[in-house]
Structure formats: C-alpha cells, structure tokens
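I wanted a quick look at the ligand site and at one acidic residue. Here are my notes from going through the structure.

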Amino acid sequence: MTTIKEETTLITIFGGTGDLANRKLYPAIYRLYAKGFLKENFAVIGTARRQLTNELFRQQVASSITSIADKSQIQEFVSHFYYRSHDVTNQESYKVLLDLSNELDSKYSLKGNRIFFLAMAPTFFNEIAVRLKSEGLVDTEGYQRLMIEKPFGHNLESAQELNDALGLAFNENQIYRIDHYLGKEMVQNVSAIRFANPMIEALWNNRHISNIQVTLAEELGVEERGGYYDNSGALRDMFQNHILQVVSLVLMDYPLSLDKSDIRAEKVRLLRSFDVPEVDEVNNFFVPGQYDANPEDATKYKAYRSEDNVDPKSTTETFVAGKLTSHSDRWNGVPIYIRTGKRLETKKTSIVIEFKNDRPNLFDDSNEQISNTLVIEIAPNESISLNINVKVPGQGLVTQPTVLQTSADSVDPNAPEAYEKVIHDCLRGDATYFSHWDEVALSWQLVDRIYEGWATHPTSLPNYASGSTGPEAANELLAKDGFKWYPLS
Ligand code: NAD
C-alpha cells in the first residue's frame with residue numbers, strides 16, 4: 001500500500017497548449033489529484049504563445065481529462081489552473097510569470113516549491129533556463145526543479161551545450177530528465193525481480209546467461225511526426241535514451257541501496273563498461289533499417305520515404321538492431337542484443353534473458369530441450385514468464401516445454417501511468433528513475449560513433465517491408481553468434 005502524502009507545489013508548464021501537455025501531463029496531474037497526492041496546496045500555470053483566458057485554458061484542461069475524471073471533481077480541479085501567454089524570448093513574459101507565481105504562492109500556500117516542465121521544442125530550453133534564473137523565478141525559499149523531455153541534444157556536443165545552459169539556473173540534482181520508459185511499472189519491476197529474488201540474482205551473470213535481448217518494437221509508422229523524425233531516427237529517438245536506460249537497469253551491478261545515487265552510480269559504471277566499436281567495425285555490431293512499402297498492401301503500409309514531411313530520398317533509419325558487449329566481470333562474453341523499429345509486425349516491448357543450456361540431456365527426448373528463458377513483457381501486456389522443461393505425463397522420460405507466467409489479474413488497473421509516476425517522483429524529489437547527465441553523455445558517445453560508422457560505410461535503404469520483423473541483416477547479427485531473436489508475436 002502506498003501512503004498518500006499530500007504534496008505542495010506550483011507546476012509551470014511551458015508549452016501548455018501542446019500535445020504532450022494535453023495528452024499526458026494534465027491527465028497525469030489529475031490522477032495524482034484524484035488519489036490525494038495533490039489536494040488544496042497546488043497550482044498549475046500553463047504558458048504558450050497563444051492568447052487564452054484562464055477560463056478557456058481550464059476548459060481545455062477539463063476536456064483533456066473527461067474520459068478519466070470523476071465529473072464531480074473536474075471544476076474544483078481545473079480551478080487550480082492558470083494561463084499566461086508567453087513569448088520565450090521576451091523578458092516581459094517572465095516578469096508576468098513571476099508576478100503570477102508569487103501571487104499563487106501566497107494564495108495556495110505553496111512554500112516557494114516550484115516545478116518547471118518544459119513541454120516544448122528543445123531549441124527553447126537554453127533560453128528558458130537562463131531567463132528563469134535572470135528574472136528571479138527560481139529565487140524562492142522552497143525547492144526548484146526542472147522537468148525536461150527528450151530529446152536531450154542531437155549529439156554529444158549539442159547535449160553538452162544544453163546541459164551547460166541548464167546548469168546556469170539549475171544544478172544536476174534539480175534537473176529531472178524524463179525517460180518515460182523508466183516510469184513504466186514493469187521496467188521498475190526489473191529491480192524487484194533481480195534484487196528481491198536471490199535465486200534470480202545468483203544466476204544474473206556470464207556463467208549462466210547466454211544472451212540478453214531488449215526489444216522496443218512499434219507497429220505504427222511515423223504518423224504525423226515525419227518532420228521531427230526525419231531529423232532524428234531510431235538511434236536518437238529510442239536507442240540513446242529508452243533502450244540504453246532499460247539495458248542499464250537490467251544489467252547494472254547490485255547497488256549499495258535503492259537510493260538514487262547508488263542506482264545511478266551502478267548504471268553509469270555499466271554504461272562505461274560497454275565497448276565502443278571502431279568506426280570501421282560499427283556495421284558488424286549495429287544494423288540500420290528503413291521501412292519500405294509492403295508489396296502485399298502498399299496503400300495501408302507505405303514506404304517511409306512516402307510519408308508526409310519526410311524527404312523522398314531520406315536515409316534516416318526507422319529501425320536499429322545492435323549487439324552491445326561489456327568488458328565488466330559480470331557480463332564479459334554475453335552479447336546484449338537490442339532492436340527497435342517502426343512499422344514492425346507487432347507492437348512489443350520486452351526483455352528476454354536466455355540462460356545457458358550446456359548440460360547433457362539425460363532424457364529420452366527426440367527434440368532438444370528448450371533453453372530456459374525469463375521474459376519480462378512491458379507492452380502491450382505486462383507479464384513475467386519463465387520457460388522451463390517438464391516431464392510429459394505418463395510413462396517414459398520425455399520432456400516438453402511449459403511456461404510459468406504471472407497472471408494478467410496481477411496487473412493492478414489503478415497502477416499509475418508512466419507520466420503520473422514521473423511527475424509524482426519529481427514532486428517527492430526522487431530522481432531514481434530519471435537520467436543523470438553522466439548517463440546521457442555516455443549514451444551520446446556511443447550513438448555518435450554508430451552514426452560515424454554508418455556514414456563511413458552506408459547501408460542501402462530501405463531494407464525491410466512495412467509489417468515485417470525488420471531487415472534480414474538483423475537476423476544475421478544473431479545467427480553469426482548461434483542465436484536467434486525471441487519471436488515478436
Ligand atoms: P507541440 O508542438 O504540440 O506543442 C508545443 C508547445 O510549445 C505549444 O503549446 C506551443 O504553443 C508552444 N510554443 C511553441 N513556440 C513557442 C514560443 N516561441 N513561445 C512560447 N510557446 C511556444 O509539441 P509536443 O508534442 O507537445 O512536444 C513538446 C516537447 O515534448 C517536444 O520537445 C517533444 O519532442 C517532446 N515530447 C513530446 C511527446 C508527445 O507525446 N507529444 C513525447 C515525448 C517527447
């Protein structure tokens with residue numbers, strides 16, 4: 001049971017009329033309100049370019065929560081929301097925000113606690129951080145925290161510039177770099193599965209594990225995000241952040257405690273242990289892909305290059321498969337395969353741990369026994385399953401595979417959604433499931449090298465049909481080590 005502790009804060013959302021705010025942030029703040037984590041002592045300021053009255057803004061917030069809210073609570077909830085139009089580059093706008101913030105601070109007794117959520121294009125982040133400092137919005141008695149979404153830079157150099165600019169107004173402990181994958185229940189469950197089960201943790205090393213596979217497969221294409229995605233690609237959009245964060249939680253060493261600094265220290269140590277391939281070796285470890293039309297249904301499944309706002313000659317990767325290797329004592333010799341992509345056969349987010357299978361088979365089996373695999377499925381379903389061999393009932397000593405699986409009933413329908421968790425963690429000052437700058441810098445180092453390798457030795461794209469399992473080269477990546485991907489569906 002979670003104890004309900006009421007939080008006191010002012011949340012200012014830059015980009016308060018945008019998609020992220022409406023689809024994710026307002027519903028998440030409402031859920032925290034409905035559960036009692038926010039009650040009397042909170043207020044939210046939305047800011048964006050558009051001119052809006054408080055009244056119209058409240059209507060917008062109300063409509064973003066209608067499908068989840070208790071009707072009797074909506075008016076009271078939205079009465080805590082205020083709007084000011086804002087031009088990021090205009091000093092006057094910040095003075096207006098400062099006055100409103102101070103007024104709300106007294107009205108709701110907010111103790112000077114302030115959270116600034118940047119839900120707008122990253123090009124504005126530097127300017128906002130600098131102005132928040134110069135115009136005094138962060139000079140309060142309480143805490144000041146900055147929540148910031150991906151992408152954090154475009155490469156190591158731009159990420160460093162951004163970090164330096166944010167550092168003028170906020171120190172590392174005040175910056176909450178969101179990776180909403182880390183807010184997912186089953187991703188957080190990885191720590192429990194490992195560290196609350198000595199039996200599992202005892203096997204969590206290169207003596208017993210043959211390979212690890214992390215998959216973040218999407219069935220959808222780029223939808224309306226073609227313009228953004230074409231300047232990004234799968235490596236920047238999914239690998240640099242979500243995949244490497246999930247991988248580091250799965251593989252990190254046993255931390256001294258579950259405190260954020262101990263967990264971060266282990267994640268950083270793990271990321272530092274990954275081998276960075278030489279430029280000419282990159283293609284042996286990382287496979288880019290781009291989806292083509294599906295020959296059987298080219299209208300429904302068109303090519304990436306035919307998507308809206310995408311360059312018809314684009315070489316942006318919509319898929320990446322990779323093999324990470326670590327020189328840590330624990331993982332030396334264990335390939336860690338990752339794959340992510342758009343327009344794949346099915347939506348699936350999973351972590352598969354395959355155990356070694358090198359004992360002689362004592363049974364009268366005609367087939368090989370399966371390798372034991374522990375599968376943590378994060379989406380679309382949440383489950384943990386263990387594939388094992390058992391005896392076929394009856395006479396004879398023959399085995400067959402079976403699955404021990406957590407039941408679907410164990411998924412709590414009231415379990416917090418990822419943004420609800422990340423906002424709640426920030427309110428509580430718990431940065432465990434956010435990315436530290438050291439992790440971000442190490443991930444960009446690897447990503448920059450992969451792009452360098454791909455640019456030096458380009459792959460012919462497109463190379464997989466929309467609706468398939470990805471390029472053939474992704475299968476070959478595992479086949480040359482004697483492995484294959486755990487099925488997507
Ligand atoms: P959006 O385009 O829907 O919204 C942008 C917001 O910024 C709007 O409120 C707009 O009015 C405001 N804005 C733009 N220029 C401004 C200016 N000069 N001054 C003041 N306000 C200005 O974008 P979004 O989809 O909500 O994304 C916001 C950020 O979050 C982006 O960095 C995006 O990459 C990131 N993100 C979004 C999602 C998502 O689900 N939408 C997911 C992950 C990350």
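My entries below start with the ligand and end with the aspartate.

**Entry 1: the model.** I noted at the outset that this is a predicted model.

**Entry 2: the ligand shell.** I looked up which residues surround the ligand and got 19 of them. The closest are Thr17, Asp19, Leu20, Arg23 and Met120. I then sorted the shell by residue type: nine are nonpolar, five polar and five charged. Which helix gives the most to this shell? I found that helix 1, residues 19-34, does, with three residues.

**Entry 3: backbone atoms at the ligand.** Next I checked backbone polar atoms against the ligand. Glycine 18 has a backbone N or O atom 3.1 Å from a ligand oxygen. For glycine 15, I noted a backbone N or O atom 3.4 Å from an oxygen atom of the ligand. At arginine 49, a polar backbone atom sits 3.4 Å from a nitrogen atom of the ligand. I also looked up the cover: the ligand has 830 Å² of accessible area on its own, and the protein covers 76% of that.

**Entry 4: aspartate 237.** I moved on to aspartate 237, which lies in helix 10, residues 234-251. Is aspartate 237 buried or exposed? Its relative accessibility is 3%, and the cut-off for buried is under 20%, so I put aspartate 237 down as buried. Then I listed what aspartate 237 touches, leaving out residues up to four places away in sequence: Lys150, Arg225, Tyr228, Tyr229, Ser232 and His242.

Methods: Residues numbered from 1 in each chain as written. Predicted model: local features only at pLDDT ≥ 70, side-chain atom pairs only at ≥ 80, totals over all residues. Heavy atoms only, no water. Helix = DSSP H or I, 4+ residues; strand = E, 2+ residues; numbered from the N terminus. Buried < 20%, exposed > 50% of the residue type's maximum accessible area, 1.4 Å probe, protein only. Contact = heavy atoms within 4.5 Å. Near = heavy atom within 4 Å. Polar contact = N/O pair within 3.5 Å; in protein donor to acceptor, adjacent residues only side chain to side chain. Areas by Shrake-Rupley, 256 points an atom, 1.4 Å probe, with all protein chains shown as cover. Nonpolar A, V, L, I, M, F, W, Y, C, P; charged D, E, K, R; others polar.
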